[in-house]
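Me: I am new to this structure and would like a close look at a single part of it.

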Amino acid sequence: FPVTISETEFKRGPDNLWAVGDNHYFVIECKNGVTTETICKHDIAQLNTSIAWFQKEYDSTFTCIPIMFHLGERCEYGATPLVGCKIINQKNLELLKSNIKGFFIALKENINDIEKIKKLLVTYNLRVSDIQSIYCKDIKISGQSK
């Protein structure tokens with residue numbers, strides 16, 4: 001599992017920063033208080049600001065994938081997410097939570113078996129590559145065909 005740093009520790013930056021290995025990070029903004037599936041300009045701007053924070057704090061040998069947890073995956077037309085921004089929508093968040101719960105239930109019986117833990121990470125789709133390919137979606141912009 002990644003090392004996590006939260007905004008509460010630094011008083012600025014992203015809601016969460018996950019170190020996922022080899023100088024790669026997930027810069028995460030959580031929008032759990034939203035009531036609409038449309039992502040507003042303000043929320044996109046906040047994610048963009050968190051990317052800028054990361055680039056200021058870490059040199060060019062470090063990379064990040066910006067991720068927003070949000071109900072939907074489409075932002076309003078005027079919003080301009082930076083290239084590479086991803087969304088974990090409500091459906092995929094529920095899947096991720098279910099897989100984390102299943103992983104920890106299975107883990108308690110295999111806590112000292114490294115090989116079994118590696119297999120459980122694959123079984124429950126909890127590797128870094130799984131988070132990127134299964135749970136993350138591209139942000140869509142209303143009014144555009146992409």
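Which residues of helix 5 (residues 128-135) are buried, and what do they pack against?

Reply: This is a predicted model, in which local features need pLDDT of at least 70 and side-chain atom pairs count only at pLDDT 80 or more, while totals for chains, interfaces and linings use all residues. Residues are numbered from 1 along each chain as its sequence is written, and side-chain values use heavy atoms, with hydrogens and water left out.

In helix 5, D130, I131 and Y135 are buried. Buried means under 20% relative accessible area, exposed over 50%, and partly exposed in between, with a 1.4 Å probe and protein chains only. Helices (H or I, at least four residues) and strands (E, at least two) are DSSP runs, numbered from the N terminus. Viewed down the axis of helix 5, the buried residues fall within an arc of 100°, so they line one face of the helix. That arc is taken from the directions from the helix axis to the C-beta atoms. An α-helix has 3.6 residues a turn, so residues three or four places apart point the same way.

The buried residues of helix 5 pack against several elements, including strand 3 (24-30), strand 7 (86-88) and helix 3 (90-107); contact here means heavy atoms within 4.5 Å.

Two of these partners, strand 3 and strand 7, also pair with strand 5 (residues 63-69). Strands pair if DSSP finds at least two bridges between them. Strand 3 runs parallel to strand 5, with seven bridges, and V27 has P66 as its bridge partner. Strand 5 and strand 7 are joined in the parallel sense by three bridges, where I67 stands opposite K86.
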